[in-house]
Amino acid sequence: MKLHPPFIITVSPAPSLRTARLAPGLRIGDSHLSLLRIDHEAAPDGRDQAVFVLDTPTFEYHTSDLRSGCQGFASMVEPFASMLGFMAAAAGAYRHEMGMHSVKSDNHDLFPDHVMEWCYENEDEISLLGCDICDEGGAPLHHLIEEN
């Protein structure tokens, strides 16, 4: 696999192997978002399922909730673009709830509360990375991660 900026190689723990694994990722402030794997058979409806870990100085968050469209992910860049989109929406929801204390946003439950807060704190960096990995129309720049 060959990565082009802004993608980096991250080291993510693999507890079941009692070791670490290298994974494609993005640096977001002082944290890393890593794509551990794409499962092509995990989702019951035939869609791909992406497994991410967000490593921050204060917590580690694993999620396998992100699924592709009906034709699967076109590249490894596509799940990153989707995840950054959800993180940007989470940041907006957190900001909305700060200003409207009693009104919940439609996106108030995208992630656990501490991850929502982290997304808000890193909203600018998340938005910039979204622009870096997508074209002007919002389509992922598939060539940024070359798979063997």
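In this predicted model, strands E5 and E6 and helix H1 (DSSP runs of E over at least two residues for strands and of H or I over at least four for helices, numbered from the N terminus) each supply at least two residues to the lining of the largest cavity, with E5 giving the most, 3 residues. A cavity is here a set of points on a 1 Å grid over the protein atoms alone where a 1.4 Å probe fits but cannot get out, and its lining residues have an atom within 4 Å of a point. The structure holds 1 cavity of 30 Å³ or more, and the largest has a volume of about 40 Å³, taken as the space filled by probe spheres set on points joined across faces, edges and corners. Its lining comprises Leu33, Phe52, Val53, Leu54, Tyr61, Thr63, Met83, Met87 and Phe111, which divide into 8 nonpolar residues, 1 polar residue and no charged ones.

The largest nonpolar core, a set of buried (under 20% relative accessible area, 1.4 Å probe, protein chains only) Ala, Val, Leu, Ile, Met, Phe, Trp, Tyr and Cys residues joined through side-chain atoms within 4.5 Å, has 34 residues, and Leu33, Phe80, Leu84, Met87, Phe111, Cys119 and Ile133 have the most contacts inside it. Two or more residues come from each of E3 (19-28), E4 (31-39), E5 (49-55), E6 (60-67), H1 (77-99), H2 (113-121) and H3 (123-133), the largest share, 9 residues, being that of H1. With residues up to four places away in sequence not counted, Met87 touches Ile28, Leu33, Leu54, Phe111, Trp118, Cys119 and Ile126, contact meaning heavy atoms within 4.5 Å.

Residues are numbered from 1 along each chain as its sequence is written, and side-chain values use heavy atoms, with hydrogens and water left out. Local features need pLDDT of at least 70 and side-chain atom pairs count only at pLDDT 80 or more, whereas totals for chains, interfaces and linings use all residues.

Technical notes. Buried means under 20% relative accessible area, exposed over 50%, partly exposed in between (1.4 Å probe, protein chains only). On a 1 Å grid over the protein atoms alone, a cavity is a set of points where a 1.4 Å probe fits but cannot get out, and a pocket is an open set with protein on both sides within 12 Å along at least five of seven lines; lining residues have an atom within 4 Å of a point. Ala, Val, Leu, Ile, Met, Phe, Trp, Tyr, Cys and Pro count as nonpolar, Asp, Glu, Lys and Arg as charged, and the others, Gly among them, as polar.
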